[in-house]
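Hi,

Here's the structure I said I'd pass on. Could you load it up and keep it open while you read the notes underneath?

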Amino acid sequence: MSEAARDADTGTAPDVDAADAATDTDAAGSGRIVVGVDGSDPSLQALRWAVRQAALTGAVLEAVIAWEMPPAYGWGGLPALPEDFDLEATTARVLDDAVEKALTPEQAATVTRRTVLGNAAQTILDRGEGADLIVVGVRGHGTFRATLLGSVSHTVTLHASCPVVVVRGSATV
């Protein structure tokens, strides 16, 4: 039931100030776009597409990268990671390098960067909650497989709570 219909049922007038504030906020461009980045060329193209969309809509752009511990980490008999090896810091550098490589310094300065421990698809879905748009790249595999989405982009398009744009790796953007 719409707010106006709900108010009509209760006999109260709609909150005009709240409606005006929502309209003013929307006009000012308070939206959020989440873009998944992994440092690959398709993700750089998705980042470029997303920064242009954010500029057009006035949305805030959030670039997200996920990292996980290696699957064999902690198993007996296998070599451990060096004590000074920091996967999160390494992943954050990949994100920073991708943003700096794909965007102009002015564009890069406007991007919020998030490095998250977790599965890539689930991280993008979680960060996409409440967002206006999610943008992901997809790597082409050639011939028949090129018509298929990658596992992350496929999962995101199936489960996102908002619209998703998939930028193909071979697209000129």
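Below is what I found, going from the whole chain to the pocket and then to a helix and a serine.

One thing before anything else: this is a predicted model.

Overall fold. The chain has seven helices and five strands, and along the sequence they come in the order α-α-β-α-β-α-α-β-α-β-α-β. There are 173 residues, and 29% of them count as buried. Of the contacts with a separation of 6 or more, 73% are between residues 24 or more positions apart. The accessible surface is about 10400 Å², with 55% of that belonging to carbon and sulfur atoms.

The pocket. You'll probably want to know about this one: how big is the largest pocket, by volume? It comes out at about 370 Å³. Its lining is made of 21 residues, and the ones nearest the centre are Asp-38, Gly-137, Arg-139, Val-152 and Ser-153. Helix H3 (41-57), strand S2 (60-67), helix H6 (120-128), strand S4 (133-138) and helix H7 (151-159) each give two or more residues to that lining. By character, the lining splits into 10 nonpolar, nine polar and two charged residues.

Helix H6. Since H6 contributes to the lining, I took a look at the helix itself. Its buried residues are Ala-121, Thr-123, Ile-124, Leu-125 and Gly-128. Which elements cover them? Among them are strand S1 (32-36), S2, strand S3 (111-117), S4 and H7. At the start of H6, Asn-119 places a side-chain oxygen within 3.0 Å of the backbone nitrogen of Ala-121. After the helix comes Gly-130, with a positive phi near 85°.

Ser-43. This residue sits in helix H3, one of the elements that line the pocket. Is Ser-43 buried or exposed? It counts as buried because its relative accessibility is 3%, and the cut-off for buried is under 20%. Its side chain makes a polar contact of 3.1 Å with the side chain of Asp-38, and Asp-38 is one of the residues nearest the pocket centre. The Ser-43 side chain also reaches the backbone oxygen of Ser-40, at 2.9 Å. Setting aside neighbours within four places in sequence, Ser-43 is in contact with Gly-36, Val-37 and Asp-38. Ala-102 lies 59 residues away from Ser-43 along the chain, yet their C-alpha atoms are 9.3 Å apart.

Cheers

Key. Residues numbered from 1 in each chain as written. Predicted model: local features only at pLDDT ≥ 70, side-chain atom pairs only at ≥ 80, totals over all residues. Heavy atoms only, no water. 1 Å grid on protein atoms, 1.4 Å probe; cavity = no way out; pocket = protein on both sides within 12 Å on 5 of 7 lines; lining within 4 Å. Points joined across faces, edges and corners; volume = space filled by probe spheres on them. Helix = DSSP H or I, 4+ residues; strand = E, 2+ residues; numbered from the N terminus. Nonpolar A, V, L, I, M, F, W, Y, C, P; charged D, E, K, R; others polar. Buried < 20%, exposed > 50% of the residue type's maximum accessible area, 1.4 Å probe, protein only. Contact = heavy atoms within 4.5 Å. Areas by Shrake-Rupley, 256 points an atom, 1.4 Å probe, with all protein chains shown as cover. Polar contact = N/O pair within 3.5 Å; in protein donor to acceptor, adjacent residues only side chain to side chain.
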